[in-house]
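Please read the numbered points below with the structure open beside them. They go from helix packing to the ligand, and then to single residues.

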Amino acid sequence: MSMARRSERESGKHSRIIADVRYIGNKTRLLPFLLGTIRRLGLAPGAAHDAFSGTAAVGRALKGAGWRVASSDLMTYSYVFQRAYVVAQRTPSFAALRAGDPELRRALRSPALQESVAGKEGGALAAVCEYLARWVEPERGFMGVNFAPEGGRMYFTQENADRIDAIRHHLHEWWTSGLIEDDAYYVLLASLIEGADRVANTAGVYAAYMKGWQSNARRALALRAEIPVRGARGATAHRADAATVARTAGKVELIYIDPPYNARQYSGYYHIPEIIARGWFDAPPVLRGKTGLVAGEGQQSDWCSGRRAGAALAELLAATEARHALVSYNSEGLLSERDLKAALARAAIDGAVQRFSRGYRRYRSDSDRIGRVYQGDRVRELLYHIRLQ
Ligand SMILES: C[S@@+](CC[C@H](N)C(=O)[O-])C[C@H]1O[C@@H](n2cnc3c(N)ncnc32)[C@H](O)[C@@H]1O
């Protein structure tokens, strides 16, 4: 999930800087195409369900375009992103935290901290990030013991792992003692998951770590929290199966369906962001194997099974009360394009499936190689539209 920050200019209406998270299937670069297709179809902003939210890139773009978004994903880190980028509406004030944490209060008053955040956007939010990343003493905890050299694994340098431990511990304490509210907790936790990812010693996914230290891993962990933006009231986040949420979301104008399309389970590729998102304070996870996967981890998606993906699609299309569905699916996925189109045609009110496609220049990263169809140095993105009602 490491990310290269870049301007969101491409995505149309947004002018803020967002994280382009390295995540298999991340649609950040597809946003102009997706939002453009929605406009071409003449869909006016209303309620939408971003059913496979991942990084929440699509949900946040829909929010920015005026939609009221319900989003869902099986993974806890996705729930954190959904809460931070889709549900949160205001910059946290941190009044209770300042009042209740004397160490933070002292640090915020110090000229050194004030100087280091001078000129940065985000006011108190940026200052709290700086405090967590640079002022809090690193501590040896679950991450340092398991995912750094002390535990025989090289996902993070010992220093960065110990910092992740200290920050995650602080967030847990602040939140459970009521010093920060949900929005602040999720915004800061999202910035920790992304910050940790920027210094992760991996090739993009956590299925393995590198044998030597990469330059990004040697850098000091930094937190850059996104300032929440206002959107339509009533946005919701769900760590749940897409079809289950579709059943409770009620009538929506649009469902965006961006499922996994091959056998690789996200729970195996992103186990470390998942552990950071969940925390380890009540019941530390039991790890197994060289990479430290969580033992007995049950988040297996039907969409990653050749036998079950077709039924999962039919179930979702039957469950949703959306008027329109837009579907992203790789033409080399478990479902052949023929089967996909046939399933979509069966669900469509008029039997019609419209296919939109757009070419891009190749973006060289592991995650994108996995997620797209390449022709030479071009990549083709496909979007299917059906009317359901
Ligand atoms: C292709 S990615 C989505 C990427 C997302 N659109 C983005 O821009 O980041 C597929 C996502 O589906 C999630 N997923 C897998 N099975 C699911 C299910 N049954 N219900 C909801 N989400 C699921 C995975 O955890 C993963 O985040």
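Helix axes are lines fitted to C-alpha atoms, for helices over the stretch in contact, and angles between them run from 0 to 180 degrees between N-to-C directions. Helices (H or I, at least four residues) and strands (E, at least two) are DSSP runs, numbered from the N terminus. This is a predicted model, in which local features need pLDDT of at least 70, side-chain atom pairs count only at pLDDT 80 or more, and totals for chains, interfaces and linings use all residues. Residues are numbered from 1 along each chain as its sequence is written.

1. Start with helix H3 (residues 76–87) and H10, which pack at an angle of about 125° with their axes 8 Å apart. The two helices are therefore oblique to each other; angles under 35 degrees count as roughly parallel, over 145 as roughly antiparallel, 65 to 115 as roughly perpendicular and the rest as oblique. H3 passes H10 in a left-handed crossing. A crossing is left-handed if the near helix is turned anticlockwise from the far one by less than a right angle, and right-handed if clockwise.

2. Helix H10 covers residues 182–198, 17 residues, and spans 24 Å from its first C-alpha to its last. This is close to the 24 Å expected at 1.5 Å a residue, where the expected span is 1.5 Å times one less than the number of residues. Is H10 enclosed or open, and how many of its residues are buried? Of its 17 residues 15 are buried, so H10 is largely enclosed by the rest of the structure. A residue is buried if 20 or more other C-beta atoms lie within 10 Å of its own, exposed if 12 or fewer, and partly exposed in between, with C-beta atoms placed from the backbone.

3. A second helix pair is H15 (residues 309–319) and H16 (residues 337–347), whose axes come within 10 Å and cross at roughly 25°. H15 and H16 are therefore roughly parallel to each other. H15 passes H16 in a right-handed crossing.

4. Around the ligand there are 22 residues, of which Gly25, Phe52, Gly54, Thr55 and Ser301 come nearest. The elements giving two or more residues to this shell are helix H2 (57–64) and strand S4 (68–73). A residue is near a molecule if its C-beta atom, placed from the backbone, lies within 6 Å of it. By class, the shell has 11 nonpolar, 7 polar and 4 charged residues. Here Ala, Val, Leu, Ile, Met, Phe, Trp, Tyr, Cys and Pro count as nonpolar, Asp, Glu, Lys and Arg as charged, and the others, Gly among them, as polar.

5. Check the backbone at Ala56, in the loop between strand S3 (47–50) and H2. Its phi is near 70°, a positive value in a residue other than glycine. Ala56 counts as buried, with 28 C-beta neighbours inside 10 Å.

6. Phe94 also deserves a look: its phi is positive, about 65°, although Phe94 is not a glycine. Phe94 lies in the loop between H3 and helix H4 (95–100). With 21 other C-beta atoms within 10 Å, Phe94 is buried.

7. Ile257, in strand S6 (residues 251–257), is 206 residues from Ala51 in sequence, yet their C-alpha atoms are 5.7 Å apart. Ile257 is buried, with 23 other C-beta atoms within 10 Å.
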